[in-house]
Amino acid sequence: MQATDSQPATLAIGRGALRVYAMDGALLALFMVSACLSVVLLEHPSSPLRQQIDSDFVRRALIGVAMGLTALALIYSPWGKRSGAFMNPALILCLLRLGKLEPKDALGYSVAQFLGAALGVFSCDCFFHPWLSHPAVNYVVTAPGARGAVVAWLAESSIGFVMLTTTMTVNRVPRLAPRTGVFAAALVALFITFEAPLSGMSLNPARSFGSALLAHSFHDFWIYLSAPVCGMLLGVELQTRLTARHSRLCGKLNHSETVACFVRCKCLDPTE
């Protein structure tokens with residue numbers, strides 16, 4: 001469904017809309033499955049990879065590569081093209097702020113994302129509970145590093161700001177817009193490698209919720225509920241003040257010429 005210039009797009013009421021929400025939630029569920037398995041393989045003491053790789057930095061880098069590739073595959077998957085591959089309530093709020101989604105669609109996406117994240121961790125727990133519940137893995141819960149909660153909040157806000165600013169900047173160039181997902185996936189890998197010691201690298205309230213729910217650990221969850229949202233919204237506000245053509249402002253990670261766009265997006269229009 002293509003949006004008009006006069007109003008934000010809205011998904012068709014009924015099963016079609018629910019299907020799209022469910023697709024986006026399922027994408028985040030798959031992301032969480034990949035996160036759980038990657039951390040088990042590289043952090044559980046009995047894992048051969050953990051025993052062979054002593055360096056914390058190298059293990060984080062490998063997890064970062066795995067999750068970056070996972071994000072890339074999901075963003076450009078058929079479901080990603082259809083749903084937009086948002087997978088993040090913070091990003092949904094930014095699209096709502098930009099007038100790209102109707103409030104009811106934003107709510108539908110967000111609920112599906114929180115459910116999807118929990119379902120992804122739950123499905124892994126069903127099969128790999130002894131490994132996933134081990135303290136070295138702990139359901140891939142995001143937690144502040146040694147520098148404390150304030151530093152973790154600032155770090156989460158900063159990576160949210162960088163992610164949204166990069167996405168919107170790339171989307172303003174029609175030639176680059178189809179590759180926005182590549183930039184986003186690369187940032188995921190870099191954030192996990194370098195920022196994770198500060199906050200655990202969430203960037204996503206739903207992602208942290210899924211882990212916290214299964215681990216029964218909501219200590220410091222406020223950080224991951226608020227910081228990504230604040231960082232991304234700050235990026236939106238800055239872009240709206242620096243950019244004259246607001247129709248070019250978009251936080252989508254996936255642009256397809258073959259699948260109809262259901263948000264008011266002109267990123268692929270070279271004449272706009």
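**Figure 1. Helix H5 passes helix H11 in a right-handed crossing.** The model shown here, as in every view below, is predicted. H5 covers residues 89-97 and H11 covers residues 221-242. Two packed helices are described by the angle between their axes and the distance between the axes. For this pair the angle is about 30 degrees, and the axes lie 9 Å apart. Angles under 35 degrees count as roughly parallel, so H5 is roughly parallel to H11.

**Figure 2. Side chains and backbone at the contact of H5 with H11.** H5 contributes Ala 90, Leu 91, Leu 93, Cys 94 and Arg 97. From H11 come Pro 228, Val 229, Met 232, Leu 233, Val 236 and Glu 237. By class, the residues of this contact comprise 9 nonpolar, no polar and 2 charged. An α-helix has 3.6 residues a turn, so residues three or four places apart point the same way.

**Figure 3. Surroundings of Ser 38 in helix H1.** Helix H1 runs over residues 15-43, and Ser 38 is part of this helix. The relative accessibility of Ser 38 is 10%. Buried means under 20%, so Ser 38 counts as buried. Leaving aside residues up to four places away in sequence, Ser 38 touches Ile 63, Ala 66 and Met 67. Val 137 is 99 residues from Ser 38 along the chain. The C-alpha atoms of Ser 38 and Val 137 are nevertheless separated by 9.9 Å.

**Figure 4. Helix H8, residues 180-194, and its length.** H8 has 15 residues. At 1.5 Å a residue, H8 should span 21 Å. The expected span takes one less than the number of residues. The end C-alpha atoms of H8 are 21 Å apart, so model and expectation agree.

**Figure 5. Buried residues of H8 and the helices they pack against.** The buried residues start with Thr 180, Gly 181, Ala 184 and Ala 185. Leu 187, Val 188 and Ala 189 are buried as well. Phe 191, Ile 192 and Thr 193 complete the list. The partners of these buried residues are helix H3 (56-75), helix H7 (149-171) and helix H9 (196-199).

**Figure 6. The whole chain, as context for the close-ups, holds 11 helices and 0 strands.** From the N terminus on, the elements run α-α-α-α-α-α-α-α-α-α-α. The chain has 272 residues, of which 51% count as buried. Among contacts with a separation of 6 or more, 77% join residues 24 or more positions apart.

Technical notes. Residues numbered from 1 in each chain as written. Predicted model: local features only at pLDDT ≥ 70, side-chain atom pairs only at ≥ 80, totals over all residues. Heavy atoms only, no water. Axes fitted to C-alpha atoms, helices over the stretch in contact; angles between N-to-C directions. Helix = DSSP H or I, 4+ residues; strand = E, 2+ residues; numbered from the N terminus. Parallel < 35°, antiparallel > 145°, perpendicular 65-115°, else oblique. Left-handed = near helix turned anticlockwise from the far one by under 90°. Contact = heavy atoms within 4.5 Å. Nonpolar A, V, L, I, M, F, W, Y, C, P; charged D, E, K, R; others polar. Buried < 20%, exposed > 50% of the residue type's maximum accessible area, 1.4 Å probe, protein only.
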